[in-house]
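Student: I should like to go through this structure and ask, for each descriptive term, on what grounds it is applied.

Tutor: Then let us take the terms one at a time.

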Amino acid sequence: MHRDWFRLTRTAWKLALPLILIAFALKFAGLPQRLDLWLYDTLALSTPLAPASNLELVAIDEKSLRELGRWPWPRQRHAKLIERLTEAGANVIVFDVLFSEAGPGDDALAAAMKAHGKVVLPVHLYPSTADAPLTEQLPTPQLTQAAGALGHVHVELDEDGIARGLYLYSGLGEATWPALSVAAAQLGGSDVPARNSGENQASPYVNVRSQYAYIPLSGRVGTISTTSYSDVLQGRVSMDRFAGKTVFVGATAPGFGDVLPTPLSGLAAPMSGVEFHANAFSALVQNKLMITMPPYQQWLLLVAIILFISLALPQLKPSHTLWVCLMTSALLLLATTLLYRHANVWIPVSQSLLIPLIAYPLWSTRRLTLLNTFLNRQLDLLSRDPGLGLKEPNDHQPLRVLEDLSQLLQARGWWLSQDDDVLACHSLSEVDRPDRLTVGLWMHKGDQSWLRFKRGERQFDMGLALPPSLTREASRRYLQRLRLDHPGHGGGVEKDYPAENIGARIERVRGAIESLTGMREFIGRGFERMPDGVIVTDALATIQFVNGHIEEWFGEPRPSLIGMPLPGLLNAHDPRDGTPWQETIADTLTLGQTRTVDLRVRGMDLLIHLAPFSMSDHEQHGIIANISNISELREQQRQHREAIDFISHDVRSPLVSQLALIAQLKRRPESIGPEQLEQLGNLARRSYQLAEEFVQLARAEQLTETRFYDCEFLSVVENARDSVSEQAQSKGIELALHGLDDIWLRGNAELLERAVINLLTNAVQYSPPGSTVTIQVFRAGHQVCLTISDEGMGIAAHELPHLFDRYRRQKSTELSGNRGAGLGLSFVKVVVDKHKGEISVESKEGQGSSFTLRLPVADPLATIAAETSDSD
């Protein structure tokens with residue numbers, strides 16, 4: 001746990017540090033600030049604020065200038081405007097007109113202002129000249145005393161030259177003034193943000209500003225209800241519209257120069273200063289001023305986003321990182337929008353919003369770099385790995401190929417030449433080499449096989465003299481499958497990899513994949529071709545792999561075996577009363593010891609060898625179970641025991657009787673007579689018969705297809721009939737043969753004849769005198785059939801399943817006095833099985849028996865092909 005946390009923390013820092021550096025770089029470049037301004041303008045355009053209902057604007061516009069004359073106007077005119085607004089019941093009158101110099105009419109204006117009592121005048125903060133320090137431009141002392149409040153009209157432009165807000169309090173040193181809109185709202189009885197207390201003392205020449213607020217504008221120029229100055233003076237409008245309202249008075253004519261570009265108007269249609277302050281008053285009295293998140297909170301948000309991204313991305317899948325980064329930025333943008341519209345809070349979120357978008361390519365680049373480093377390391381390891389697979393014959397040197405083939409096929413002679421140079425020869429010469437050889441195709445001539453192949457630009461001729469044997473045709477078919485030249489005759493040419501690094505890496509990856517695929521295919525085919533069954537389990541003894549033998553022997557499909565517990569599989573097929581399979585398998589896993597146990601599955605004798613194994617980097621053990629089919633071995637052991645019993649009893653018994661009889665005759669030579677000699681002859685013949693049956697059975701069991709040849713089955717049956725005819729005549733039994741067609745099959749005629757003799761002998765022995773034994777030979781499809789029927793005593797039904805078991809004699813046979821070794825029918829069954837045939841019997845007691853042999857006929861096409869090949 002601690003190791004994983006340490007690894008995660010280290011990875012997070014490797015991502016967090018670059019993000020922090022990028023955040024500082026973006027801050028200094030100003031990109032987040034510009035993006036924040038654009039985002040604010042977008043929100044301001046989408047949700048403009050409705051003007052306050054108690055707000056009116058009296059504009060010194062072009063119309064007023066035309067009707068009332070050029071600016072500046074006498075102050076008596078302003079006094080008259082105040083009087084008319086007082087009569088109309090205006091609550092607060094706000095002048096955005098500078099009265100910093102004394103002039104005629106100040107008395108009248110001051111009197112009108114005092115009469116109303118709630119007139120707000122502006123304070124301007126600006127240097128008198130370019131080189132002069134910042135100064136405050138207050139109204140004249142007389143007007144200042146008459147004014148109900150003073151407010152500064154300074155508007156701070158953002159970096160892009162757009163006016164979006166103002167400082168609620170600003171001034172020189174400790175003398176700070178509320179904004180014009182704040183002074184008007186406070187004078188009108190509205191709640192306004194209090195001035196921050198506890199500020200440090202400042203120089204009287206330093207501009208002290210506090211509490212900056214963004215102004216949500218009501219719309220473009222002219223959105224606020226506006227009346228021309230001249231119309232108010234001349235009474236051309238209803239004065240009821242000013243009752244109880246705050247009236248802003250100021251210049252809107254373009255010639256005055258007091259204009260401000262705003263997010264809603266831009267530079268094309270700037271807004272007058274008085275209208276901007278009227279918008280600020282409207283937002284203030286509606287409690288809609290935008291409060292900006294403090295800078296330290298902005299930095300905390302940025303740090304939180306960096307930490308979240310740095311800790312989250314290393315734990316995510318590559319397909320999820322993009323969505324997490326996009327969703328993080330989207331949630332920040334959504335939160336900013338909701339706070340702007342419903343909580344009047346503006347969060348400069350762009351810097352935090354950019355971090356997830358930058359983190360994704362940064363982390364992807366790091367991930368790709370690590371992956372690239374890992375792949376290069378693995379590719380280097382794979383390139384040093386010799387691999388696992390079968391080496392192609394065309395990868396061996398020609399001399400090595402000739403040496404291996406000559407030893408493998410036991411060639412009596414060989415030849416190898418490159419162009420006109422002889423590289424190796426034995427018993428073959430230039431005269432033996434055919435004149436015309438085709439590249440890549442073997443030519444067979446008599447006992448010789450020749451091939452021409454190429455390696456690059458070199459051409460080789462190879463010849464082999466094969467020994468005369470039955471396997472020559474198989475050797476030629478084997479040679480036909482060999483490919484000794486490189487594909488396209490371009491072997492040995494190095495592959496051109498692309499010069500580009502990524503192309504070369506792709507080629508290396510492709511080569512590694514091909515190598516791994518070949519290795520996996522080699523291992524898979526190797527397991528499938530193994531003579532034994534293989535089961536591989538994990539540390540919980542759950543089966544993970546089986547080969548085809550397991551499917552066949554257990555009779556279950558591979559998908560159902562995968563994932564099955566090994567003890568469950570073994571218990572289902574061979575339940576144990578003694579030591580259960582669970583204990584045996586548990587000992588293999590827990591103690592790491594091998595176990596070898598007998599197993600009986602579906603009538604087969606198996607031997608399972610359980611061995612623990614573990615990978616080099618894994619502490620847990622699995623099991624490799626090697627299962628061998630020892631049914632044939634157990635059968636051979638059983639036959640061996642039966643043979644010993646047979647020799648020790650059946651063969652030994654007549655020999656002992658002969659020795660005892662001979663010893664008796666030696667003691668009493670005068671008692672030798674025909675009966676004693678006949679008895680001695682019977683014992684000798686019985687011993688010979690037993691030995692002959694035993695030898696014939698051994699010969700049949702060792703029969704292979706290499707001793708097969710084409711033979712005509714009807715002739716085989718006729719020879720067998722002739723061999724038994726004398727025995728049949730002695731009992732007056734007729735041997736009736738039915739079958740006229742010659743039917744050829746591939747087999748061993750000698751053993752087939754012996755098998756038919758055994759069947760005919762049994763039929764004659766167990767048939768009553770004067771009866772008939774019917775022999776039928778016919779063809780049924782691709783099989784030749786032989787049926788031998790007698791009219792004897794028949795065979796009991798309970799003895800039929802064991803009729804062909806060796807050393808087993810029927811009870812009825814023993815009682816009739818026809819004593820044998822019980823090997824005759826076993827010999828017939830072995831011969832039929834070696835010829836891939838079938839034998840069946842039908843019998844009823846008292847009605848006779850009928851034995852039927854079915855053997856496959858010879859393939860005429862294969863016979864013709866073999867004869868043609870031998871003639872070539």
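**Terms and their grounds**

Tutor: The protein has 872 residues, of which 42% count as buried. The model is a predicted one. Its secondary structure comes to 26 helices and 32 strands. Among contacts between residues at least 6 apart in sequence, 69% join residues at least 24 apart.

Student: Why is His116 called buried?

Tutor: Buried means under 20% relative accessible area. His116 has a relative accessibility of 14%, and therefore counts as buried. This residue is found in helix 5 (residues 106-116). Neighbours within four places in sequence left aside, His116 is in contact with Ile82, Thr86, Ala90, Asn91, Val92 and Ile93.

Student: What makes Asp419 partly exposed?

Tutor: The partly exposed class lies between the limits of 20% and 50%. The relative accessible area of Asp419 is 40%, so the residue is partly exposed. Asp419 is placed in the loop between strand 16 and strand 17. Its phi is positive, at about 55°, although Asp419 is not a glycine.

Student: Which value of phi does Gln211 have?

Tutor: Phi of Gln211 is near 60°, again a positive value in a residue other than glycine. Gln211, however, lies in strand 9 (residues 207-214).

Student: Why are helix 2 and helix 11 called oblique to each other?

Tutor: Two packed helices are described by the angle between their axes and the distance between the axes. Helix 2 (residues 31-46) and helix 11 (residues 318-342) pack at an angle of about 50°, and their axes are 11 Å apart. Angles under 35 degrees would count as roughly parallel, and 65 to 115 as roughly perpendicular. The angle of about 50° fits neither class, and helix 2 and helix 11 are therefore oblique. The crossing of helix 2 past helix 11 is right-handed.

Student: Which residues make the contact, and how do they divide by character?

Tutor: Helix 2 contributes Leu39, Tyr40, Leu43, Ala44 and Ser46, while helix 11 contributes Leu333, Thr336, Thr337, Tyr340 and Arg341. Of the residues in this contact, six are nonpolar, three polar and one charged. Tyr counts as nonpolar in this division, and Arg as charged.

Student: What makes strand 17 and strand 18 edge strands?

Tutor: Five strands form an open sheet in the order 17-16-20-19-18, with antiparallel pairing. Strand 17 (421-426) and strand 18 (443-445) each have a single partner strand, so one side of each is left without a neighbour in the sheet. Direction ignored, neighbouring strands of this sheet are turned by 15° against each other on average.

Student: How do you know that strand 16 and strand 20 pair?

Tutor: Pairing requires at least two bridges between the strands. Six bridges join strand 16 (residues 413-418) to strand 20 (residues 458-465), so the requirement is met, and the two run antiparallel. Within this pair, Trp415 has Gly463 of strand 20 as its bridge partner. Helix 13 (residues 398-408) packs on the sheet and touches strand 16, strand 17, strand 19 (448-455) and strand 20; the helix direction makes about 10° with that of strand 20.

Student: On what grounds are strand 21 and strand 22 said to pair?

Tutor: The minimum is again two bridges. Strand 21 (residues 533-537) and strand 22 (residues 543-546) have three, in the antiparallel sense, and therefore pair. Thr537 stands opposite Ile543 in strand 22. The two strands form a hairpin with five residues between them, and Ala541 in the turn has a positive phi of about 65°.

Student: Where do strand 21 and strand 22 stand in their sheet?

Tutor: They belong to an open sheet of five strands in the order 22-21-25-24-23, with antiparallel pairing. Strand 22 and strand 23 (595-601) are the edge strands, each pairing on one side only. From one strand to the next, the twist averages 25°. Strand 24 (residues 604-613) and strand 25 (residues 622-629) pair over eight bridges in the antiparallel sense, with Leu606 opposite Asn629 in strand 25. Helix 19 (residues 581-591) lies across strand 23, strand 24 and strand 25, and runs at about 150° to strand 23.

Student: Which peptide bond is cis, and where is its proline found?

Tutor: The peptide bond from Trp71 to Pro72 is cis, with omega near 5°. Pro72 is found in the loop between helix 3 (62-68) and helix 4 (75-88).

Key: Residues numbered from 1 in each chain as written. Predicted model: local features only at pLDDT ≥ 70, side-chain atom pairs only at ≥ 80, totals over all residues. Heavy atoms only, no water. Axes fitted to C-alpha atoms, helices over the stretch in contact; angles between N-to-C directions. Helix = DSSP H or I, 4+ residues; strand = E, 2+ residues; numbered from the N terminus. Parallel < 35°, antiparallel > 145°, perpendicular 65-115°, else oblique. Left-handed = near helix turned anticlockwise from the far one by under 90°. Contact = heavy atoms within 4.5 Å. Buried < 20%, exposed > 50% of the residue type's maximum accessible area, 1.4 Å probe, protein only.
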